[in-house]
Amino acid sequence: MLRRLYDWTMSLAAGPRAKMALGAVSFAESSIFPIPPDMLLIPMVLAERTKAWMLALLCTITSVIGGLAGYAIGALLFVQIAEPILAFYGYLDAFETFKTHYNDWGAWAVLIAGVTPFPFKVITIASGATGLDLMVFTIASIVARGLRFFLVAGLLYLFGPPIRNFIEKRLGLVFTVFVVMLVAGFAAIKLL
């Protein structure tokens, strides 16, 4: 089953709508979608290594724009949805303390979440909810997402055939590691 899914993804990655799908997934992952764009970026770069830099740039731009959408969700819906709930449970003052600490360290939160498996959408929405300076948020997002996607694309560009062989020979292991990293990112949310 994994082999058929892998083969289908590789054929999709070389298809005419692959870039549009990559941009859509990258945008959505930064604001609402749980699956990272690496699931498409990796096979797309492996399918056409000469387009690695363009694909990384596409991922970066659409991810930052999606992050701005996540920021808007946090900024525009917090007062209507979250604030009454916090007030009802008596946590509004605690949120104000969190907000102060978050804004002191928010750029680091955006940078760390932007390059790790931690779900980026959590940070984009939290940044909007706490009113993290939009310029700080945008610059940190560009740096973090650019670093992540260009690093992935660069490694695949340089070491593409051996990496592709490794993935194809150990597909079950690669899939398991990816799922563990994804679950660990969501588990990290629970600890915060």
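**Exercise 1. Find the helix in which Leu 46 sits, and decide whether Leu 46 is buried or exposed.**

Solution. Leu 46 has its place in helix H3, which covers residues 38–47, in what is a predicted model. The next step is to look at its relative accessible area, which is 7%. Buried means under 20%, and therefore Leu 46, at 7%, counts as buried. As a last step, compare sequence with space: Leu 46 and Ala 14 are 32 residues apart along the chain, while their C-alpha atoms lie 9.4 Å apart.

**Exercise 2. Work out which residues of H3 are buried, and why H3 can be called largely enclosed.**

Solution. Going along H3, the buried residues are Asp 38, Leu 40, Leu 41, Pro 43, Met 44, Val 45 and Leu 46. Because 7 of the 10 residues of H3 are buried, the helix is largely enclosed by the rest of the structure.

**Exercise 3. Describe the largest nonpolar core, and state which helix gives the largest share of it.**

Solution. The largest nonpolar core has 14 residues, and the members that touch the most others are Leu 22, Leu 41, Met 44, Val 45 and Leu 55. Two or more residues of this core come from each of helix H2 (18–29), H3, H4 and H7, and the largest share, 5 residues, is that of H3. A second, separate core has 11 residues, including Tyr 102, Ala 113, Phe 120 and Ala 126. To see how one member of the largest core is surrounded, take Leu 22: leaving aside neighbours within four places in sequence, Leu 22 is in contact with Pro 37, Leu 40, Leu 41, Met 44, Leu 55, Leu 58 and Cys 59.

**Exercise 4. Compare Thr 60 and Leu 57 of helix H4 by their relative accessible areas.**

Solution. Thr 60 is found in helix H4, and Leu 57 is found in H4 as well. Thr 60 has a relative accessible area of 7% and is buried, whereas Leu 57, with 44%, is partly exposed. Turning to the partners of Thr 60, and leaving aside neighbours within four places in sequence, one finds contacts with Ile 142, Arg 145, Gly 146, Phe 149 and Phe 150.

**Exercise 5. Locate the nonpolar surface patch and say which helix gives the most to it.**

Solution. The patch covers about 1,000 Å² and is made by Phe 27, Trp 53, Leu 57, Ile 61, Ile 65, Phe 150, Leu 151, Leu 155, Tyr 157, Leu 158 and Phe 159. Helix H4 (52–88) and helix H7 (134–169) each supply at least two of these residues, and H7 gives the most, with 6 residues.

**Exercise 6. Find where helix H5 is kinked, and list its buried residues.**

Solution. Helix H5 runs over residues 92–115 and has a kink of about 65° centred on Trp 105. The buried residues of H5 are Phe 95, Tyr 102, Gly 106, Val 110, Ala 113 and Gly 114. When reading such a list, recall that an α-helix has 3.6 residues a turn, so residues three or four places apart point the same way.

**Exercise 7. Summarise the whole protein: how many helices and strands are there, and what percentage of its residues count as buried?**

Solution. The protein has 8 helices and 0 strands, and of its 192 residues 37% count as buried. Among contacts with a separation of 6 or more, 79% join residues 24 or more positions apart. Finally, the accessible surface comes to about 10,800 Å², of which 76% belongs to carbon and sulfur atoms.

Key. Residues numbered from 1 in each chain as written. Predicted model: local features only at pLDDT ≥ 70, side-chain atom pairs only at ≥ 80, totals over all residues. Heavy atoms only, no water. Patch = residues over 30% accessible without salt bridge, like charges linked within 9 Å, V, L, I, M, F, W, Y side chains within 5 Å. Areas by Shrake-Rupley, 256 points an atom, 1.4 Å probe, with all protein chains shown as cover. Salt bridge = Lys/Arg side-chain N within 4 Å of Asp/Glu carboxyl O. Helix = DSSP H or I, 4+ residues; strand = E, 2+ residues; numbered from the N terminus. Buried < 20%, exposed > 50% of the residue type's maximum accessible area, 1.4 Å probe, protein only. Bend = angle between axes of the 7 residues up to and from the residue. Contact = heavy atoms within 4.5 Å. Core = buried A, V, L, I, M, F, W, Y, C linked by side-chain atoms within 4.5 Å.
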